[in-house]
Amino acid sequence: MPNDPLKTISVLRPGLFIREKISPIDLVTEFPSFFKQDDVIRAKYESLGGAAAWGEPTEKSVGSMWTFPGSAIVYNRKREAAFEIHGAIYETWRAAGGLGFGTPNTDELTTPDGIGRYNHFNEDTASIYWSPGTGAHTI
């Protein structure tokens, strides 16, 4: 049997089970940051009302995103913060490629006229705006 430096590691934490081939060095250096990022997402979730407001996550991508029906809370590594996207803006973001389109760097905000809504992505290089007259669209 060949000497494979990669081992199959299982990590068990409340609400989390990971099974994949990973180097023991990666386990020590990378996993703690994923757990920290997950804690930032959890704190955002709780600040927005937690399960009472959002329900339970339908999927948890450790260290990057929790998804819910029609919404998500996404971790932005550059800002070391989590941001929420929901409704038509969320659906447009998913259709545009989700994380492939960009990582949000704002929560959903109200336009200056008080009618529309928007999120900025990729350090303000892309945005999705919504208004009753135009629906959601990328800019």
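## Cores and two residues in a predicted model

Eleven residues form the largest nonpolar core here: Met-65, Ala-72, Val-74, Ile-85, Ile-89, Tyr-90, Trp-93, Phe-101, Phe-121, Ala-126 and Ile-128. A nonpolar core is a set of buried Ala, Val, Leu, Ile, Met, Phe, Trp, Tyr and Cys residues joined through side-chain atoms within 4.5 Å, and buried means under 20% relative accessible area, with exposed over 50% and partly exposed in between (1.4 Å probe, protein chains only). Two or more residues of this core come from each of β5, α4 (87-95) and β9 (126-131), and α4 gives the largest share, 3 residues. There's also a second, separate core of 8 residues, with Ile-41, Phe-68, Ile-73 and Ala-82 among them. In soluble globular proteins, nonpolar side chains tend to be buried together.

A word on the ground rules: this is a predicted model, where local features need pLDDT of at least 70 and side-chain atom pairs count only at pLDDT 80 or more, while totals for chains, interfaces and linings use all residues. Residues are numbered from 1 along each chain as its sequence is written, and side-chain values use heavy atoms, leaving out hydrogens and water.

Stepping back, the protein has 4 helices and 10 strands, running β-β-α-α-α-β-β-β-β-α-β-β-β-β along the sequence. Those are DSSP runs numbered from the N terminus: helices are H or I of at least four residues, strands E of at least two. Of its 139 residues, 37% count as buried. The accessible surface is about 7900 Å², 57% of it from carbon and sulfur atoms (Shrake-Rupley method, 1.4 Å probe; for residues, only the protein chains shown count as cover).

Now for two residues side by side:

| Residue | Element | Relative accessible area |
|---|---|---|
| Gly-55 | loop between α3 (50-54) and β3 (59-61) | 25%, partly exposed |
| Asn-76 | strand β5 (residues 71-76) | 3%, buried |

Contact means heavy atoms within 4.5 Å. Leaving aside neighbours within four places in sequence, Gly-55 is in contact with Tyr-45, Gly-50 and Phe-68. The C-alpha atoms of Gly-55 and Pro-69 sit 8.6 Å apart, with the two residues 14 apart along the chain.

Asn-76, with the same neighbours-within-four exclusion, touches Ala-81, Phe-83, Thr-103, Pro-104, Asn-105 and Glu-123. Its side chain also reaches the backbone nitrogen of Lys-78 at 3.0 Å.

Back in the largest core, Ile-128 has contacts that include Ile-89, Trp-93, Phe-101 and Phe-121, again not counting residues up to four places away in sequence.

How values were computed. Polar contact = N/O pair within 3.5 Å; in protein donor to acceptor, adjacent residues only side chain to side chain.
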